[in-house]
Number of protein chains: 2
Amino acid sequence: MSPRKAVAQELTQDMVMMAARELFREKGYQQVSMRQIASALGYSHGSLYYHFKNKAELFYAMIETDFKLLDQWLDDVMKREMDDKGKLSEVLLAFIRFGLTHKSQYEMMFLLADEEVKSYVNKGPNESYEKFAQSLVELSKREITIQQTWSIFLSLHGFVSHYCRCDETFEEVKSLAHSHVNFILKSTG
Amino acid sequence: MSPRKAVAQELTQDMVMMAARELFREKGYQQVSMRQIASALGYSHGSLYYHFKNKAELFYAMIETDFKLLDQWLDDVMKREMDDKGKLSEVLLAFIRFGLTHKSQYEMMFLLADEEVKSYVNKGPNESYEKFAQSLVELSKREITIQQTWSIFLSLHGFVSHYCRCDETFEEVKSLAHSHVNFILKSTG
DNA sequence: TAGTTTAATTAAACACTGGTCAATAAAAAG
DNA sequence: CTTTTTATTGACCAGTGTTTAATTAAACTA
């Protein structure tokens, strides 16, 4: 038997996360097994449990960086040279664009109902949402209320979660996204 | 052995669907196994496959009647004695109420990404949506465009799909639902 | 009534899943 | 060189959806 590999190829959390991210992206959380991840790396599935407590935790470690990426995207928009009104719609659009260019991540971040995963993914969505809401209030010079930010978020979420299920890319639904954003913003002013 | 039961208790599709509906309602699609359904009925799990090709087909048979129920709910609102403006918000509210009082069905109807199930659920959502959109156009005396009905639907869908994930009942989020509906309708006037 | 066909149920089996764990050996520490 | 720590393995568990040969109750036929 061979109960240990040479150190040159020792497994790391990052290696696992990279393999997992790719597989999850292709097939989604439920459709990827720990054994598939392990075999993509050339290790036995048991070894994954040395680095991560379970599938949900591995998943959460991955998704954590995706929340940061979303924050980054929104920050980038905020830093652009543009009037607040323009920025406002760009922020909403950025949210949609993020969701549709990271479909399976978005699914996991905001959509997955798996109890096991939900217990890990709690702060993530909240913090990202807070940042998002704060931006809206600022950009609108307090004309958008906290109540309204929630409705705006949910309305965007509806768009993204619907188009997450089909094969269309962001580019293909871009104009629909624009008109949805316009629709949403009409409520606020 | 006992490879056959007395005819008095022969298994029917309806019996299976009733047991399944109850279990799915309690725990959701993924969390209910064919073995659980069978044992709730007092039969071996193999027998279910005599009546349904597989789990997804059993679920779809169930969900089909739920699309009809949603149509019914919307129809009922349309038949009420009320001005069109009031009806409009009642229709939107009815959609949310339906979604949150039939969470796992809603998930299946509009949310589930499972390829197996999606291949079954195709006409259902489209037909229900058409009916919904038609109502909106009528009630608004054509002031709501087809484009807008889609945004309205997606915005409602966002609300429902978000609250589908948590344990809250419709009653508990009723006031939030009201304010979301108001938010949406502000875009249309 | 006896023999045959059909329909429905069963248990065993298959190939999976997430997860645990004793055994093991490579690497590090003493 | 010995001991300890660390990482890997593969067998194992309980569970999943699904298939299937065997079985038999019921319906049909002669």
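**Exercise 1. Decide whether B:Lys141 is buried or exposed, and describe where this residue is found.**

Solution. In this predicted model, B:Lys141 has 8 other C-beta atoms within 10 Å and is therefore exposed, since a residue counts as exposed if 12 or fewer such atoms lie within that distance. The next step is to place the residue, and B:Lys141 is found in the loop between helix H8 (123-139) and H9 of chain B. Its backbone also deserves a look, for B:Lys141 has a positive phi of about 55 degrees although it is not a glycine.

**Exercise 2. Carry out the steps for A:Lys141: state what its phi is, in which loop it has its place, and how it counts by its C-beta neighbours.**

Solution. Begin with the backbone, where A:Lys141, although not a glycine, takes a positive phi of about 55 degrees. This residue sits in the loop that runs between helix H8 (123-139) and helix H9 (146-164) of chain A. Finally, A:Lys141 has 8 C-beta neighbours inside 10 Å and so counts as exposed.

**Exercise 3. Describe the secondary structure and the overall dimensions of chain A.**

Solution. Start with the elements: chain A has 10 helices and 0 strands, so that its pattern, read along the sequence, is α-α-α-α-α-α-α-α-α-α. Turning to extent, the C-alpha atoms of chain A fill a box of roughly 70 × 30 × 30 Å along the principal axes. Of its 189 residues, 37% count as buried. As for contacts in chain A between residues at least 6 apart in sequence, 67% of them join residues at least 24 apart.

**Exercise 4. Work out how H1(A) and H4(A) are set against each other, and which residues meet there.**

Solution. Take the geometry to begin with: helix H1 (residues 13-27) and helix H4 (residues 55-78) of chain A pack at an angle of about 85 degrees, and their axes are 10 Å apart. Because angles of 65 to 115 degrees count as roughly perpendicular, H1(A) and H4(A) are roughly perpendicular to each other. At the residue level, H1(A) brings A:Gln13, A:Val16, A:Met17, A:Ala20 and A:Arg21, which meet A:Leu58, A:Ala61 and A:Met62 of H4(A). Sorted by character, the residues of this contact are 6 nonpolar, 1 polar and 1 charged.

**Exercise 5. Follow helix H1 of chain B from its span to its packing and to the residue just after it.**

Solution. Helix H1 of chain B, residues 13-27, has 15 residues and reaches 21 Å from its first C-alpha to its last, close to the 21 Å expected at 1.5 Å a residue. Its buried residues are B:Val16, B:Met17, B:Ala19, B:Ala20 and B:Phe24, and these pack against helix H2 (34-41), helix H3 (48-51), H4 and helix H6 (103-111) of chain B. Just after the helix comes B:Gly28, which takes a positive phi of about 90 degrees.

**Exercise 6. Find which residues have the most contacts inside the largest nonpolar core, and which helix gives the most to it.**

Solution. The largest nonpolar core has 102 residues, and those with the most contacts inside it are A:Val91 and B:Val91. Helix H4 (residues 55-78) of chain B gives the most to this core, namely 9 residues. To see the surroundings of one residue, take B:Val91, which touches B:Leu74, B:Val77, B:Ser135, B:Leu136 and B:Leu139 when residues up to four places away in sequence are not counted.

**Exercise 7. Describe the side of chain B that touches chain A, and then examine H9(B).**

Solution. The contact joins 20 residues of chain B with 20 residues of chain A. On the side of chain B, the elements that give two or more residues are helix H9 (146-164) and H10, and the largest share, 11 residues, comes from H9(B). The residues on this side divide into 6 nonpolar, 12 polar and 2 charged. As for H9(B) itself, 15 of its 19 residues are buried, so this helix is largely enclosed by the rest of the structure. One of the residues in helix H9 of chain B is B:Gln147, which has 13 C-beta neighbours inside 10 Å and therefore counts as partly exposed.

Technical notes. Residues numbered from 1 in each chain as written. Chains lettered and ligands numbered in written order. Predicted model: local features only at pLDDT ≥ 70, side-chain atom pairs only at ≥ 80, totals over all residues. Axes fitted to C-alpha atoms, helices over the stretch in contact; angles between N-to-C directions. Helix = DSSP H or I, 4+ residues; strand = E, 2+ residues; numbered from the N terminus. Parallel < 35°, antiparallel > 145°, perpendicular 65-115°, else oblique. Contact = placed C-beta atoms within 7 Å. Nonpolar A, V, L, I, M, F, W, Y, C, P; charged D, E, K, R; others polar. Core = buried A, V, L, I, M, F, W, Y, C linked by C-beta atoms within 7 Å. Buried ≥ 20, exposed ≤ 12 C-beta atoms within 10 Å, placed from the backbone. Expected span 1.5 Å × (residues − 1).
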